[in-house]
Amino acid sequence: MAEIKKKFGSVKRYGARYGKRLKDKVADIERRSKKPSKCPYCRKLSAKRMAAGIWQCKKCGSKFAGAAYYLEEKVTAAKAEIEQKAVIFKSKKSAEEAE
Ligand SMILES: [Zn+2]
């Protein structure tokens with residue numbers, strides 16, 4: 001039989017407590033928040049999470065506020081939402097002009 005390797009990562013510290021689903025969620029958040037994110041000032045992958053919502057870039061040294069857990073994804077999600085709204089607005093406007 002093939003050996004199944006399980007990676008507990010950072011949630012190994014919880015031991016047998018709290019259940020698999022919650023631990024999986026925490027592990028995912030911690031994995032994503034601990035890897036370096038793109039700095040909005042120098043655009044290098046060197047921004048690290050200091051605390052909830054506080055980020056610091058190791059390259060340019062700037063300290064700034066951002067999302068609590070991940071920096072990049074929330075920005076892109078917000079951008080996508082704005083772009084989607086713009087498309088809807090444009091299509092509505094062109095429909096009004098056509099009438
Ligand atoms: Zn920077």
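Arg43 is exposed, having 11 other C-beta atoms within 10 Å. The cut-offs behind that word are simple: a residue counts as exposed if 12 or fewer other C-beta atoms lie within 10 Å of its own, as buried if there are 20 or more, and as partly exposed in between, with C-beta atoms placed from the backbone. Arg43 sits in the loop between E1 and E2, and its phi is near 60°, a positive value in a residue other than glycine.

A word on the model itself. It is a predicted one, so local features are given where pLDDT is at least 70 and side-chain atom pairs count only at pLDDT 80 or more, while totals for chains, interfaces and linings use all residues. Residues are numbered from 1 along each chain as its sequence is written. The mean pLDDT (the predictor's confidence in each residue, from 0 to 100) is 84 for the protein, and 87% of the residues reach 70 or more. Confidence peaks in E3, at a mean of 93, and bottoms out in helix H2 (residues 72–98), at 76.

As for the overall layout, the protein has 2 helices and 4 strands. Both kinds of element are DSSP runs numbered from the N terminus: H or I over at least four residues for a helix, E over at least two for a strand. Read from the N terminus on, the order is α-β-β-β-β-α. Buried residues make up just 8% of the 99 residues. Taking contacts as residue pairs whose C-beta atoms, placed from the backbone, lie within 7 Å, those between residues 24 or more positions apart account for 16% of the contacts with a separation of 6 or more.

The strands come together in an open sheet of 4, in the order E1-E2-E3-E4, with antiparallel pairing. Strand E1 (37–38) and strand E4 (63–65) are the edges, each pairing on one side only. Pairing here requires that DSSP finds at least two bridges between two strands.

Going through the sheet pair by pair, E1 and E2 run antiparallel and are joined by 2 bridges. Ser37 has Ala47 in E2 as its bridge partner. These two strands form a hairpin with 6 residues between them, and this is the turn that holds Arg43 with its positive phi of about 60°.

Next along, strand E2 (residues 45–51) pairs with strand E3 (residues 54–57) in the antiparallel sense, over 4 bridges. Among the matched residues, Arg49 has Trp55 in E3 as its bridge partner, and Ala51 has Ile54. The E2 and E3 hairpin leaves 2 residues between the strands, and Gly53 in the turn shows a positive phi of about 85°.

That leaves E3 and E4, which also run antiparallel, with 3 bridges joining them. Ile54, already met as the partner of Ala51, stands opposite Ala65 in E4. There are 5 residues between the strands of this hairpin, where Gly61 takes a positive phi near 80°.

Outside the sheet, Tyr18 is worth a look for its backbone. Its phi is near 75°, a positive value in a residue other than glycine. Tyr18 is found in the segment before helix H1 (20–34), and Tyr18 is exposed, with 11 other C-beta atoms within 10 Å.

Definitions and conventions. Contact = placed C-beta atoms within 7 Å.
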